[in-house]
Amino acid sequence: MTDSIMSKAATMEIPINSNGDTGTLAEDDSLEQDLQQVMVSGPNLNETSIVSGGYGGTAEGIIPTSSIKGSNMHHSSSSSSMTAEEATRGVAVEKIETVKKWGLNTYKCTKQMISERFGRGSRTVDLELEAQIEVLRDTKRKYENVLRLARALTNHFYNMVQTQHALGDTFADLSQKSPELRDEFGYNAETQKLLCKNGETLLGAINFFVSSINTLVNKTMEDSLMTIKMYENARLEFDAYRSDLEELSLGPRDAVAIARIDAAQQQYQVHKDKYERLRSDVIIKLKFLEENKVKVMHKQLLLFHNAISAYFAGNQQQLEQTLKQFNIKLRPPGADKPSWLEEQ
């Protein structure tokens with residue numbers, strides 16, 4: 001088409017008017033349109049086109065790939081938005097199902113609890129295990145009282161040691177300033193310093209005793225009680241679903257009722273397995289707790305007795321030997337205070 005246009009332009013006669021101007025031809029407009037057609041139908045560096053028909057064909061045969069890309073991008077964004085919307089809808093449905101199950105379980109357990117309190121419902125009872133649990137709770141209360149008193153003793157004894165330390169310093173100062181009573185003040189200063197040293201050693205033993213009792217009461221026993229709490233909740237759930245299954249079994253046996261009974265039987269079995277598993281865990285933990293308690297308390301009571309006896313007997317060597325026997329290391333004076341670098 002380009003060759004025909006160029007030959008047409010070369011052989012065309014251009015008439016000249018009398019004043020030397022070119023005449024206006026009717027074909028000028030068609031030539032200009034053909035040139036524009038060539039320019040339009042030529043390749044675009046910024047746009048790859050799919051051409052239908054020959055080069056320089058009608059504009060209807062040109063399909064810009066930008067429009068294809070745009071439609072693909074629109075389709076892909078629509079797909080991604082639909083996928084995100086479906087995922088959000090799935091999460092919402094899952095949350096609704098979780099809340100529904102939680103609400104149904106809470107309703108059943110509350111109903112069972114009220115029935116038990118008013119004597120209308122039956123509950124699963126393990127007399128031997130419940131007796132052991134009650135003993136543990138009573139033991140924990142008593143050990144908490146021991147811990148409270150031991151901490152009070154530690155505080156009072158610490159204040160006494162600090163008073164002895166200050167009194168010893170005062171006696172030592174007065175022995176330097178009172179020549180006539182130098183020996184008397186000196187003896188008392190030495191005595192108070194010795195009592196202060198032995199008191200700090202005894203404080204180390206008592207602090208170790210308090211720390212061990214605290215670990216036994218607030219960690220070991222508390223861990224067992226947390227397992228017991230989970231066991232008691234599992235027992236309540238088990239009884240709730242057991243009662244629900246018993247009520248359904250007494251009703252009619254149509255198709256809908258049989259389906260509900262099968263579902264209740266499955267839930268009953270799930271909670272029964274959970275109850276028996278936690279019951280076994282509680283029995284094992286109570287056994288190991290008792291063994292650990294005897295072992296720890298045997299060591300701590302022996303330490304407490306030997307340290308107190310040696311201190312009030314004035315046997316400094318035996319007091320120090322007691323701490324070595326139980327691998328207790330005393331902190332040097334001022335160890336709890338931060339260094340001057342930490343204070344900066």
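Buried means under 20% relative accessible area and exposed means over 50%, with partly exposed in between. Keep those cut-offs handy for the exercises below, and remember that this is a predicted model.

**Exercise 1. The salt bridges around Asp 138**

Work out which class of exposure Arg 141 falls into, and which salt bridges Asp 138 makes.

Solution. Start with Arg 141: its relative accessibility is 48%, so it counts as partly exposed. Asp 138, at 28%, is partly exposed too. The side chains of these two residues meet in a salt bridge, 3.5 Å from N to O.

Next, look at Lys 142. Asp 138 forms a salt bridge with Lys 142 as well, and here the closest N and O atoms are 3.2 Å apart. Lys 142 has a relative accessible area of 51%, so this residue is exposed.

Now check the spacing. Asp 138 and Arg 141 are three residues apart in helix 4, while Asp 138 and Lys 142 are four residues apart in that helix. Either spacing is about one turn of the helix. An α-helix has 3.6 residues a turn, so residues three or four places apart point the same way.

Finally, widen the view: Glu 134 joins Asp 138, Arg 141 and Lys 142 in a network of salt bridges. A search of the whole structure gives 15 salt bridges.

**Exercise 2. A salt bridge between two helices**

Find the partner of Lys 285 in a salt bridge, and say which helices the pair links.

Solution. The partner is Asp 223, and the N to O distance is 2.8 Å. Lys 285 sits in helix 6 and Asp 223 in helix 5, so the pair links distant parts of the chain, 62 residues apart. For exposure, Lys 285 has a relative accessible area of 28% and is therefore partly exposed. Asp 223, with 40%, is also partly exposed.

**Exercise 3. The span of helix 6**

Test whether the end-to-end distance of helix 6 agrees with its number of residues.

Solution. Helix 6 covers residues 255-312, which makes 58 residues. At 1.5 Å a residue, the helix should span 86 Å. Its end C-alpha atoms are 83 Å apart, which agrees with that expectation.

Then turn to the record. The unreviewed UniProt entry annotates residues 261-292 as a "coiled-coil region". In the model this span is 100% helix and 0% strand, with its end C-alpha atoms 46 Å apart.

To finish, step just past the helix: Gly 314 takes a positive phi of about 75 degrees.

**Exercise 4. Two aromatic pairs**

Classify the ring pairs Phe 171 with Phe 185 and Tyr 311 with Phe 312.

Solution. The structure holds seven aromatic pairs. In one of them, the ring centres of Phe 171 and Phe 185 are 5.9 Å apart and the planes make an angle of 35 degrees, so the pair is tilted. Phe 171 belongs to helix 4 (residues 127-177) and Phe 185 to helix 5 (residues 182-249), so the pair ties together parts that are 14 residues apart in sequence. Both of these Phe residues are buried.

Tyr 311 and Phe 312 make an edge-to-face pair, with 4.9 Å from centre to centre and 85 degrees between the planes. Their exposure needs a separate check. Tyr 311 has 10% relative accessibility, so it counts as buried. Phe 312, with a relative accessible area of 62%, is exposed.

For a wider look at the rings, Tyr 231, Phe 238, Tyr 268 and Tyr 275 form one aromatic cluster.

**Exercise 5. Two single residues**

Decide whether Thr 154 is buried or exposed, and list its contacts beyond its neighbours within four places in sequence.

Solution. Thr 154 is in helix 4. Its relative accessibility is 11%, so Thr 154 counts as buried. Leaving aside those neighbours, Thr 154 is in contact with Leu 203, Ile 206, Asn 207 and Val 210.

Now place Glu 320 and give the separation of its C-alpha atom from that of Asn 198.

Solution. Glu 320 lies in helix 7, which runs over residues 316-325. With 33% relative accessibility, Glu 320 counts as partly exposed. Glu 320 and Asn 198 are 122 residues apart along the chain, and their C-alpha atoms are separated by 8.6 Å.

Technical notes. Residues are numbered from 1 along each chain as its sequence is written. This is a predicted model: local features need pLDDT of at least 70, side-chain atom pairs count only at pLDDT 80 or more; totals for chains, interfaces and linings use all residues. Side-chain values use heavy atoms; hydrogens and water are left out. Buried means under 20% relative accessible area, exposed over 50%, partly exposed in between (1.4 Å probe, protein chains only). The expected span of a helix is 1.5 Å times one less than its number of residues. UniProt positions are given in the numbering used here, feature names are shortened, and annotations may be inferred rather than shown by experiment. Rings of Phe, Tyr and Trp (its six-membered ring) pair if their centres lie within 6.5 Å; planes under 30 degrees apart count as stacked, over 60 as edge-to-face and the rest as tilted. A salt bridge is a side-chain nitrogen of Lys or Arg within 4 Å of a carboxyl oxygen of Asp or Glu. Contact means heavy atoms within 4.5 Å.
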